[in-house]
Amino acid sequence: MYSHSMGGRIAQWLAIDHPQSVRALILAATSGGKLARASREHDAWSRLGSIQSPTLILHGTDDALTPLPNAVQLHWHIRRSTLVKVPGAGHNLHLDLPETLRWIRQFIAAKDSR
């Protein structure tokens with residue numbers, strides 16, 4: 001499941017509440033809650049540790065809407081996560097840098113080959 005920004009917050013709850021339905025999770029430019037303006041009402045920090053899905057976290061180093069510390073905290077909370085910091089990318093990193101799509105495809109392909 002690929003999710004970006006607000007979609008990432010929704011995907012977190014899907015992975016928490018329905019772990020059997022989420023084989024792999026990709027969170028891009030999102031937050032576990034309350035560290036960025038757009039996330040004030042979302043707070044999944046205490047539940048992120050229950051995510052069982054292998055998780056790829058993609059985050060631009062220049063994301064002004066959801067600053068990089070959000071991704072670092074997500075990585076810290078989600079046990080089976082990998083964090084990729086995308087140099088120079090902003091909030092729309094998947095649109096700004098085509099290689100982001102390659103990382104997503106590689107992550108999905110690796111999960112499908114298991």
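In this predicted model, let me start with two strands in the middle of things to look at: strand β2, covering residues 25-28, and strand β3, covering residues 55-60, pair in the parallel sense over four bridges. If you want one pair of residues to find on the screen, take L27, whose bridge partner in β3 is I57.

Now let us widen the view to the whole sheet. Four strands form an open sheet in the order β1-β2-β3-β4, and their pairing is parallel. The edge strands are β1, residues 2-4, and β4, residues 81-86, each of which pairs on one side only. On average, neighbouring strands in this sheet are turned by 15° against each other, if we ignore direction.

Next come the helices. Helix α1, which is made of residues 6-17, lies across β1 and β2 and runs at about 135° to β1. Helix α2, residues 69-77, packs on the sheet as well, where it touches β2, β3 and β4, and its direction makes about 165° with that of β4.

Let me pick one residue from each helix. From helix α1 I choose L14, and we can ask how it should be classed: buried, exposed or partly exposed? L14 counts as partly exposed, because its relative accessibility is 36%, and that value falls between the limits of 20% and 50%. Leaving aside neighbours within four places in sequence, L14 is in contact with M1, P19 and V22. The C-alpha atoms of L14 and I51 are separated by 9.3 Å, although these residues are 37 apart along the chain.

From helix α2 I choose N70, which is buried, since its relative accessible area is 1%, and the limit for calling a residue buried is under 20%. The side chain of N70 makes a polar contact, at 2.9 Å, with the side chain of S31.

Finally, the nonpolar residues. In soluble globular proteins, nonpolar side chains tend to be buried together. Here the largest nonpolar core has 16 residues, and those with the most contacts inside it are L25, L27, L48, I51, L74 and I78. The elements giving two or more residues to this core are α1, β2 and α2, and the largest share, three residues, comes from α1. If we follow I78, and do not count residues up to four places away in sequence, we find that I78 touches L27, L48, I51 and T55. Apart from this core lies another one, of twelve residues, among them A24, L56, V86 and L97.

How values were computed. Residues are numbered from 1 along each chain as its sequence is written. This is a predicted model: local features need pLDDT of at least 70, side-chain atom pairs count only at pLDDT 80 or more; totals for chains, interfaces and linings use all residues. Side-chain values use heavy atoms; hydrogens and water are left out. Two strands pair if DSSP finds at least two bridges between them. Axes are lines fitted to C-alpha atoms, for helices over the stretch in contact, and angles run from 0 to 180 degrees between N-to-C directions. Contact means heavy atoms within 4.5 Å. Buried means under 20% relative accessible area, exposed over 50%, partly exposed in between (1.4 Å probe, protein chains only). A polar contact is a pair of N or O atoms within 3.5 Å; within protein, one must be able to donate a hydrogen and the other to accept it, and residues adjacent in sequence count only if both atoms are side-chain atoms. A nonpolar core is a set of buried Ala, Val, Leu, Ile, Met, Phe, Trp, Tyr and Cys residues joined through side-chain atoms within 4.5 Å.
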